[in-house]
Amino acid sequence: MSQHLLMIEDDSRLAAMVAQYLEQSGFTVSCAGDGVSGLGQLNSPSKGIATDLVILDLMLPDMDGLEVCRRIRALPSSLAQVPVLMLTAKGDAMDRIIGLEIGADDYLPKPFEPRELLARIRAVLRRRGESPATDQLTLRFGALEIDRDARTVSVAGAPSDLTSYQFDLLVALAERAGRVLTRDQIMEAVRGRELDAFDRSIDVHMGRIRAAIEADPKSPKRILTVRGVGYVFARQQD
């Protein structure tokens, strides 16, 4: 059964062109022209077909894409975990950073090549569908538990909300606990897109992960920054 994509985009010509291209690549695509319609389709899928990924434009007629993303992340259970790929204005770094902070899994500036969009979609879905790399399905570090089978994270039994991409970043670090990793090594470990030397989006994701698992995100004890190098996941907290 093909994977289902929901594209929330008010430019009907662009949406139709992208949908045709993605359908030729094996996906099923539904389109919505505004945020309310898109959220409605996500909440009540037609013909019972669940959405595997949302392509979300930042500029919509009724509400901006950031608000739509916030509302998606506030939905119940599995609906809130659907990956979101945000389409942003070219060079608009602030909107991109805010989008990542509120839960977008990736972004793509407009105008874009359909082939790059396809590659980004496949990378996000691949990360979501990958099986655990080792036999140990649950990683435990003190009060922190990472269940790679259920793709859930909890601290002292309380669930922590992460996007699918942030979950994969956390697993990549936790599997290599005690080892300092550069940003390039982290990105390679999650098999995402190659990291641009000037792209600091991974730092935004790390901030979100810290907010979810650290007692004091401003003074982290678990995910530590190694200045000029990257990050290290501490086996034991100080």
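Here is a short chat about a predicted model and how its strands, helices and loops are arranged.

Biologist: Before we start, what should I know about the numbering and the values?

Modeller: Residues are numbered from 1 along each chain as its sequence is written, and side-chain values use heavy atoms, with hydrogens and water left out. This is a predicted model, where local features need pLDDT of at least 70 and side-chain atom pairs count only at pLDDT 80 or more, while totals for chains, interfaces and linings use all residues.

Biologist: Thanks. How many helices and strands are there in the protein?

Modeller: Both kinds of element are DSSP runs numbered from the N terminus: helices are H or I with at least four residues, and strands are E with at least two. Going by that, the protein has nine helices and 12 strands.

Biologist: What share of the residues counts as buried?

Modeller: Buried means under 20% relative accessible area, exposed means over 50%, and partly exposed is in between, using a 1.4 Å probe and protein chains only. Of the 238 residues of the protein, the buried share is 46%.

Biologist: In what order do the strands of the five-stranded sheet come?

Modeller: Strands pair if DSSP finds at least two bridges between them. In this open sheet the pairing is parallel, and the twist from one strand to the next averages 20 degrees. The order is β2-β1-β3-β4-β5.

Biologist: Which strands stand at its edges?

Modeller: Each edge strand has a single partner strand, so one side of each is left without a neighbour in the sheet. The two in question are β2 (28–32) and β5 (106–110).

Biologist: Which residue of β2 stands opposite leucine 6?

Modeller: Strand β1 (residues 4–8) pairs with β2 in the parallel sense, over five bridges. Opposite leucine 6 in β2 is serine 30.

Biologist: Let's stay with this sheet. Is threonine 88 buried or exposed?

Modeller: Threonine 88 lies in strand β4 (residues 84–89). Counting a contact as heavy atoms within 4.5 Å, and not counting residues up to four places away in sequence, threonine 88 touches Leu58, Tyr107, Leu108, Pro109 and Lys110. Its relative accessible area is 2%, so threonine 88 is buried.

Biologist: Where is proline 111, which has a cis peptide bond with lysine 110?

Modeller: The cis bond joins lysine 110 and proline 111, with omega at about -10 degrees. As for its place, proline 111 is in the loop between β5 and α6 (114–129).

Biologist: On to the four-stranded sheet. Which strands are at its edges?

Modeller: The sheet is open and antiparallel, in the order β6-β7-β8-β9. Its edge strands each pair on one side only: β6 (138–141) and β9 (158–160).

Biologist: By how many degrees are neighbouring strands of this sheet turned against each other on average?

Modeller: Axes are lines fitted to C-alpha atoms, for helices over the stretch in contact, and angles run from 0 to 180 degrees between N-to-C directions. For the strands of this sheet, with direction ignored, the average is 25 degrees.

Biologist: Which helix lies across β6, β7 and β8?

Modeller: The helix covers residues 164–175 and runs at about 110 degrees to β7 (144–147). That is helix α7.

Biologist: Alanine 156 has a positive phi; is alanine 156 buried or exposed?

Modeller: Alanine 156 is in the loop between β8 and β9, and its phi is about 55 degrees although it is not a glycine. Its relative accessible area is 69%, so alanine 156 is exposed.

Biologist: What about the hairpin of β11 and β12: which glycine takes a positive phi there?

Modeller: Strands β11 (residues 223–226) and β12 (residues 230–233) pair in the antiparallel sense over four bridges. The hairpin has three residues between the strands, and the phi near 80 degrees belongs to glycine 228.

Biologist: Finally, what is the angle between helices α2 and α3?

Modeller: Two packed helices are described by the angle between their axes and the distance between the axes. Here α2 (residues 35–43) and α3 (residues 65–73) have axes 10 Å apart and pack at an angle of about 20 degrees. Angles under 35 degrees count as roughly parallel, over 145 as roughly antiparallel, 65 to 115 as roughly perpendicular and the rest as oblique. So α2 is roughly parallel to α3, at an angle of about 20 degrees.
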